[in-house]
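Trainee: Please take a close look at one part of this model for me. I would like to follow the sheet and what packs on it.

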Amino acid sequence: MRMSKLYLPTLKEDPAEAEVTSHKLMLRAGMMRKHSSGIYSYLPLGYKVIKKVESITRKHMDNSEAQEVLLPVMQTSKIWKDSKRWDKFGPLMIKFHDRKNREYCLGPTHEEVVTDLVRDEVRSYKDLPLNLYQIQTKVRDEIRPRFGVMRGREFIMKDAYSLDVDYEGLDLSYQAMYDAYEKVFAECGLEAVAVEADTGAMGGKDSHEFMVLADSGEDEIAFCSDCDYAANVERATSKKVEIDFEVESDFEKIHTPEIKTISELEEYLEVPAAKMIKAVAMIADGEAVLALVSGEDELNEIKLTNYLQANELRAAEEEEFEELFNSVPGFIGPVNLNGVRIVADQRLKNMSGAIVGANEKDYHLKNVKTNRDFEVEAFADLRSVRGGERCPNCDSGKLNIKDGIEVGHIFKLGTKYSKNMGANYLDENGKAQPIVMGSYGIGITRLVAAAIEQNNDDYGIKWPKAIAPYQIIILPLGNDEAVQEKSEEIYQDLKAKGWEVLIDDRNERAGVKFNDSELIGIPLRLTIGSRSLENGVVEAMIRSENKKLEIELDNLDQKVEKLYEEIS
C-alpha cells in the first residue's frame with residue numbers, strides 16, 4: 001500500500017479527550033475517530049488490526065471445533081423476559097419499540113438468542129455437544145464510556161456458547177475454551193493471565209477472566225506470591241482474621257463536631273481505624289441497605305450486590321439519608337436504626353469496643369458490640385482484599401495487587417438459561433433434561449487496545465508481529481531518482497513474495513516520515529537514501545527494540561525474511 005493513497009490522518013499531539021495510552025495512540029495513529037461518546041469509526045489501519053485479531057481468534061475457535069454463526073443484533077424483549085434478565089441488565093440495555101409497538105433491545109450479549117435458537121432444534125442427547133460462536137458488534141449503554149475502546153458503548157466481540165448434556169461435558173467444553181483462549185492471546189503477542197472472576201449479570205457457577213497486566217487497567221487483580229492463586233479483587237478473598245477488642249462496657253455517645261470520615265476520626269480520637277465500623281448507606285433495587293465493614297477496609301460493591309442478588313446497587317443520595325435511613329450523612333451507624341436491612345462483613349462477627357456513627361449530627365458512639373447493641377441480617381464476605389494479606393489457598397503466600405485489562409471472560413452457566421427458557425433435550429431414557437451451557441467472550445476491539453498498552457514507547461506503537469497492520473514499511477528519503485526507483489523495485493519485489501508492505505511515497509521531509517513510521521508501529525522499517533544506495537545497503541530498524549542495522553541489497557528478500565523471523 002502506498003501512503004500517498006492511504007487514508008491515514010495522523011496527529012502530532014495527544015487529543016485532549018484521550019486519557020490512557022491506547023486511546024491517545026489509536027487516535028494519533030489514525031486508527032479510529034470518535035463518532036459520539038463511546039462509539040468509534042475504524043479507519044483502514046485500525047480495521048486491518050481488528051481483522052487480524054479476528055482471524056487469529058477464528059482460527060483457534062475453529063480448531064476447538066466450535067462452529068461460526070451470525071446472530072441478530074436486534075432482539076425481542078420476550079426472550080430476555082423468558083430468561084428473567086430484561087430487568088437484570090437494566091440501563092445497560094438500549095431498548096426500543098418498532099412501528100408496531102413491539103419491544104426490542106440492541107444485543108449486549110447473545111445467551112438468550114442462542115438458547116432460543118436451540119430450544120426448538122436440539123431434540124436428543126445425540127445432537128450434543130455443540131459450541132456455536134460469532135464475531136459481531138455488541139451494544140451496551142455504558143454510564144461512563146471512557147478510555148477509548150476499553151469501555152465503549154459499541155464494540156466488537158467474539159462470543160461462543162457451549163451446549164452439553166451434563167456438567168462433566170461442560171467441564172470439557174470450558175477447558176477447551178480456556179486452552180483456546182490462551183493460544184489466541186499468545187499468538188496475538190499478549191501477556192495474559194487467567195484469574196477467578198465474578199459471574200455478574202451472566203450468572204452461573206464458575207468463571208475466569210483473562211487479564212492483560214497494564215497500569216491503565218480498570219480491574220485490580222490479586223496474585224499470591226507463592227502459589228497459583230489469582231482472582232479479580234471483585235471476587236478475591238484472604239485469610240483476614242475477625243476483629244475482637246474485648247471491650248464489654250456499655251456504649252456511650254461522644255461529641256465529634258464535623259468529624260465525618262474515618263481518617264478524621266482516627267486523628268480526633270487517637271483511635272486506629274480497625275476499631276471503627278464503617279457504615280455505608282446503599283440503595284439496592286430501591287430498598288435501603290446499610291453495609292458494615294471495618295474502618296480499615298473498603299466495601300466491595302460487587303460482593304454486596306451478589307449477596308443481595310440485586311439488579312441495581314448504588315450509594316444513597318444525601319436527601320435519602322433522612323428519608324430512608326432516618327440518619328445523617330457522615331454520622332450513620334447501625335445502633336437503633338430501625339426498618340433498614342443491615343449486613344456486615346464477616347470480620348465484624350465478634351467485634352466489641354467499636355466506634356460507630358450515632359445517627360445524629362456531630363455525634364458517634366463508642367464501646368459498641370456486634371450482636372449486643374445491634375443485629376445484622378447476615379455476616380458475609382463484603383470487603384476488598386488488600387496487598388500484603390495472606391493468601392486464602394496456601395499458608396505462606398501474600399497477596400499482591402496489580403492492574404489489569406480484561407480481554408476475555410468465560411462462564412459456566414449451567415442450566416440458568418435452559419431452565420428458564422425451556423431448552424431441553426431427551427436423554428437416553430427419553431426423559432427431558434435441561435441443556436447445560438457455557439458462555440465465552442473475547443473483546444476484539446479491547447484486545448487491540450490492550451496490545452497497545454503492553455507495546456508502546458514515547459514515539460508510538462510497537463505492534464506484535466501477528467497483529468501489525470503491515471509487516472514492513474519502506475521509507476525512501478529525498479528526491480533522488482535512483483532512490484525512488486530502487487525503493488519501488490524493493491516494494492514490488494517484497495509484495496510479490498507475499499509480504500504486507502507499506503511504502504511512504506509521500507512528498508514529505510525525512511523527519512515526518514520517521515515520526516509517522518514510529519507512531520504507527522510497523523515491525524520492520526527499511527530506509528533507503530542516496531548514501532545507503534551508494535554503499536549497496538539499506539538501513540533496517542526493528543521497531544520492538546528500536547534496533548538499527550544495515551542489510552546488503554543483494555538477495556534482500558532472503559535477508560528480510562531471516563531478520564523478520566528473529567523479531568520477537
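**The sheet and its helices**

Mentor: Start with one pair: Ile277 has Ser294 in β15 as its bridge partner. The model is predicted, so local features need pLDDT of at least 70 and side-chain atom pairs pLDDT 80 or more, while totals for chains, interfaces and linings use all residues. Numbering runs from 1 along each chain as its sequence is written, and side-chain values use heavy atoms, without hydrogens and water.

Strands β14 (residues 277–284) and β15 (residues 287–294) pair antiparallel over eight bridges. Pairing takes at least two DSSP bridges between two strands. Helices (H or I, at least four residues) and strands (E, at least two) are DSSP runs, numbered from the N terminus.

The open sheet has five strands, in the order β16-β14-β15-β17-β20, with mixed pairing. At its edges lie β16 (313–315) and β20 (378–380), each paired on one side only. Neighbouring strands are turned by 35° on average, direction ignored. Axes are lines fitted to C-alpha atoms, for helices over the stretch in contact; angles run from 0 to 180 degrees between N-to-C directions.

Helix α8 (residues 318–325) packs on this sheet and touches β14, β15 and β16. Its direction makes about 90° with that of β14. Contact means heavy atoms within 4.5 Å.

Now α7 (residues 301–308). Lys303, Leu304, Thr305 and Leu308 are buried there, that is, under 20% relative accessible area with a 1.4 Å probe, protein chains only. The buried residues of α7 pack against β14, β15, β16 and β17 (341–345). Just after α7, Gln309 has a positive phi of about 55°.

Key: Buried < 20%, exposed > 50% of the residue type's maximum accessible area, 1.4 Å probe, protein only.
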